[in-house]
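Work through these exercises with the model open in front of you. Try each task before reading its solution.

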Amino acid sequence: MARDYYQALGVSRDAGADELQQAYRRLARANHPDVNHDPGAEERFKEVNDAYHVLSDPELRKRYDRFGEDFRRVPDDWEERVGAGAGRRTWTTAPGPADVGGGYADIDLDAVFGDLFGGRTRGRSAAVPGTDQEAELPLTIEEAYRGGRKQITLNGPDGPRSYTVTIPPGVTDGKRIRLAGEGGRGIGQGPAGDLYLVVRLQPDPRFRVEGKDIVVQLRLAPWEAALGATVPVATPGGETKVTVPAGSSTGRRVRVRAEGMPNPRGRPGDLHAEVTIVVPPKLTRRERELFSELASASRFDPRRPGSRRNGGDHR
């Protein structure tokens, strides 16, 4: 063994029988060469098997804790010899118990794994469930908003594989969609694991999602912002109308209730239209005259403290 047995199982030196068994179940399943095709998986499986064989046996564990890797050379009456004052060097060439571990049939898998192996108890013939797997599912905000069926292709160990995924309306970033039985293959009669698709919403220059709310940019002419207006705005679900109150400045959010992301289990999110004032890039002669007249008549100073009193949400 190149590694300490406790390190091989990922447990502390005072780990109890239940903790050892749980660690072994997890690692043996993850590294079984019929499940894990990584070149080093078989060696790791043997190492885990060896470690559990020793640490689950109270006598072998006691020897290992005292003598480390030399425990294989220790005779059965080692405790009596220690009591009689025998030194450790006495046993360096003494015949010891048969070598432990290193194979697949050294442990009663049915006793360790219970119904996980479906009653087939020996080594590679055991029925081991396949592992669960994850993959990312990139979606546009419109796809997440509307939901529906989507065809995707993922690359796996056996090559590309296509799936038809049902996307619930209003799914948000980070949510997982389960495809039962599409994960790692099981051993023997063991069932396949599940495949979990993790939703990743793609950036969109028109709108963004904040929880269940949607934020869109609302571009207004100066006179619309000053006088108020009802204007169209694009959303993931299509165009809608937003009423902007008079005196709105850039950054103000106008909220439209229940027009955000759908929520099959409760209230939908809200739509927030964020005001951006846009001026004409080039003024006509008449526009320039009118703006000049407004500049002369108005006493408004945008740089005066307290001049922006309408920056909050309009509800």
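**Exercise 1. The hairpin**

How many residues lie between E8 and E9 in the hairpin they form?

Solution. Keep in mind that this is a predicted model.
- Step 1: Find the strands. E8 covers residues 229-235, and E9 covers residues 238-244.
- Step 2: Look at what separates them. Two residues sit between E8 and E9 in this hairpin.
- Step 3: Check the direction. The two strands run antiparallel and are joined by seven bridges.
- Step 4: Pick one pair. Threonine 230 has threonine 243 in E9 as its bridge partner.

**Exercise 2. The open sheet**

Which order do the three strands of the open sheet take, and why is one side of E1 and of E4 left without a neighbour?

Solution.
- Step 1: Read the order. The sheet runs E1-E5-E4, and its pairing is mixed.
- Step 2: Find the edges. Strand E1 (133-139) and strand E4 (176-179) stand there. Each has a single partner strand, so one side of each has no neighbour in the sheet.
- Step 3: Add the twist. On average, neighbouring strands of this sheet are turned by 30 degrees against each other, direction ignored.
- Step 4: Follow one pairing. E1 pairs with E5 (residues 195-201) in the parallel sense, over seven bridges.
- Step 5: Name a pair of residues. Glutamate 134 stands opposite tyrosine 196 in E5.
- Step 6: Recall a rule. In a regular strand, side chains alternate between the two faces of the sheet.

**Exercise 3. A patch on the surface**

Which residues form the nonpolar patch on the surface, and is leucine 294 buried or exposed?

Solution.
- Step 1: List the members. They are Trp223, Leu227, Phe291 and Leu294.
- Step 2: Give the area. Together they have about 440 Å² of accessible area.
- Step 3: Find the helices. Helix H8 (222-227) and helix H9 (285-297) each supply at least two residues of the patch.
- Step 4: Place leucine 294. This residue is in helix H9.
- Step 5: Apply the cut-off. Exposed means over 50% relative accessible area. Leucine 294 has 52%, so this residue is exposed.

**Exercise 4. The whole chain**

How many helices and strands does the protein chain have, and what percentage of its residues count as buried?

Solution.
- Step 1: Count the elements. The chain has nine helices and 11 strands.
- Step 2: Turn to burial. Of the 315 residues, 37% count as buried.
- Step 3: Describe the surface. The accessible surface is about 18,600 Å², and 48% of this area belongs to carbon and sulfur atoms.
- Step 4: Consider the contacts. Among those between residues at least 6 apart in sequence, 54% join residues at least 24 apart.

Terms used:
Residues numbered from 1 in each chain as written. Predicted model: local features only at pLDDT ≥ 70, side-chain atom pairs only at ≥ 80, totals over all residues. Heavy atoms only, no water. Pairing = 2+ DSSP bridges. Helix = DSSP H or I, 4+ residues; strand = E, 2+ residues; numbered from the N terminus. Axes fitted to C-alpha atoms, helices over the stretch in contact; angles between N-to-C directions. Buried < 20%, exposed > 50% of the residue type's maximum accessible area, 1.4 Å probe, protein only. Contact = heavy atoms within 4.5 Å. Areas by Shrake-Rupley, 256 points an atom, 1.4 Å probe, with all protein chains shown as cover. Patch = residues over 30% accessible without salt bridge, like charges linked within 9 Å, V, L, I, M, F, W, Y side chains within 5 Å. Salt bridge = Lys/Arg side-chain N within 4 Å of Asp/Glu carboxyl O.
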